Amino acid sequence: MKTVTLKERHGKKYKDGYLVVEEADVFDMDPLNEGDLFILKNASAEALGLFYFGRQNRGIGYKVSDDLEVKLTQSYFTALMEQAHKERESLYRASHTNAFRIYNGEGDGLGGFTVDNYNGHLLIQWYSKGIYRYQQEVLTALKAVFNYETIYEKLRFDREVPTHLLTDKPAEFPLIIQENNLFYTIHFEEGPMTGIFLDQRDVRNKILALPLEEGTMLNLFAYSGGFSVAAAKNGMSTTSVDIAKRSLELIEQNFGLNELPLDDHFRYTLDVFDMFKYCSRKKLSYDLIVIDPPSFSRSKKRRFSVKSNYHELIEGAVPLVKANGYLLLSTNASDYSLNAFKKMIETTLKEQRRDFEFVEVMGLPKDFKTTNSYKASKYLKVVLIKFLD
């Protein structure tokens, strides 16, 4: 069996169960091909577990087991899928929602890939060539455990993120899925995204329940308008902003699906910081502002990263929030801890000299199963703020 040896003093976190081998921690390694199994050892040659080799942004390999004799066979993946299915039985029985995650990487036992269910149409997302080596074993296990109409895959380790059909009969796009009695359009073959972020289901449900009937909402980085649909269904007038022109069409489709007339709902193709300036000139203000930016982006005007620039979004939004209004702040940056995110929010808001309170902190829904052995699996952080002045 091939081995990877850690540097001195880097073994403790892996001995404590850390799931991803970080390349900076490695002292020496045997020649490895993508997908090869290897034993991770500390500087004292103590075995710390069985891993598979697969390069991706989080590291060079995922833990398979403490048992060094485990093989990544079809029966291994079938057992993973059976357990994942069992833990989501309540969602399969739900009458109000038919789209959710059915396998969530390391949270369900092995990292590197996920599987989502969109009303019977399954989408596998592969994050490294290493785990993709076991594509046929995973596919056979999926077919054995889950009911499905079609199965697709997205190769996220490829810069172009190609999408492939893995069953004989293709789906008819767009698909229509239901979530909390709302409806959204889904398409697997139009770029890396599908039309909705399933991990924000609980947040959309929260917006549905906010006491803001007849209020106003500004949705920044709106994408397909999922938050806007929830707000509109709650009785709010909405303004959706995204720099991508395609978003306008997606938002209109989702409003139409939910029989929401567009008369009182506005859409802008604008940079968010330009929208702040527009709102200031027009003296516009809102009862709810939602900020859910990508972790990193680059445009002709600016470069944005959550860690460096999120506070600028808050600074631009605070003057636009009405008295007793809400600010909903979200990030999916896995390397930005909840404590650091909350501290940045608190520091930024105090500088704005408005009274506020933390109303709620939300994370991933239960189908996005996580593990304490790998904190990055808890990537989604959502904070709801209420202004008291």
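Helices, of at least four residues, and strands, of at least two, are DSSP runs numbered from the N terminus. The model treated in these exercises is predicted.

**Exercise 1. Locate R9 and describe its backbone.**

Solution. Begin with the neighbouring elements: strand 1 covers residues 2–6 and helix 1 covers residues 12–15, and R9 is found in the loop between them. Next, consider the backbone angle: the phi of R9 is positive, at about 70 degrees, although R9 is not a glycine.

**Exercise 2. Determine the strand order of the six-stranded sheet and identify its edges.**

Solution. The order is 2-6-5-4-1-3, in an open sheet with mixed pairing. Strand 2 (20–21) and strand 3 (26–29) are the edge strands, each of which pairs on one side only. Within the sheet, five bridges link strand 4 (residues 37–41) to strand 5 (residues 47–56) in the antiparallel sense. One bridge can be followed residue by residue: L37 has Y52, in strand 5, as its partner.

As a further step, compare this region with the record. UniProt, in an unreviewed entry, places the feature "domain: RlmI-like PUA" at residues 4–61. Over residues 4–61 the chain is 47% strand and 7% helix, with 10 Å between the end C-alpha atoms.

**Exercise 3. Explain why strand 7 and strand 11 each have one side without a neighbour in the sheet.**

Solution. First, establish the order: five strands form an open sheet arranged 7-8-9-10-11, with mixed pairing. Strand 7 (99–104) and strand 11 (163–165) stand at the edges and have a single partner strand each, so one side of each is left without a neighbour in the sheet. From one strand to the next, the twist averages 20 degrees.

Then examine a pair inside this order. Strand 9 (residues 121–126) and strand 10 (residues 150–155) run parallel and are joined by six bridges. Here W126 has L155, in strand 10, as its bridge partner. Finally, add the helix: helix 2 (residues 74–86) packs on the sheet and touches strand 7 and strand 8 (113–118). The direction of helix 2 makes about 140 degrees with that of strand 7.

**Exercise 4. State whether the peptide bond between F173 and P174 is cis or trans, and place P174 in the chain.**

Solution. Omega is about 5 degrees, and the bond joining F173 and P174 is cis. P174 lies in the loop between strand 11 and strand 12 (175–179).

**Exercise 5. Describe the second largest pocket and its lining.**

Solution. The space in this pocket is about 280 Å³. Sixteen residues line the pocket, and S337, L338, K375, K378 and K381 are the closest to its centre. Sorted by class, the lining has nine nonpolar, four polar and three charged residues.

Conventions. Residues numbered from 1 in each chain as written. Predicted model: local features only at pLDDT ≥ 70, side-chain atom pairs only at ≥ 80, totals over all residues. Heavy atoms only, no water. Pairing = 2+ DSSP bridges. Axes fitted to C-alpha atoms, helices over the stretch in contact; angles between N-to-C directions. Contact = heavy atoms within 4.5 Å. UniProt positions renumbered as here; feature names shortened; annotations may be inferred. 1 Å grid on protein atoms, 1.4 Å probe; cavity = no way out; pocket = protein on both sides within 12 Å on 5 of 7 lines; lining within 4 Å. Points joined across faces, edges and corners; volume = space filled by probe spheres on them. Nonpolar A, V, L, I, M, F, W, Y, C, P; charged D, E, K, R; others polar.
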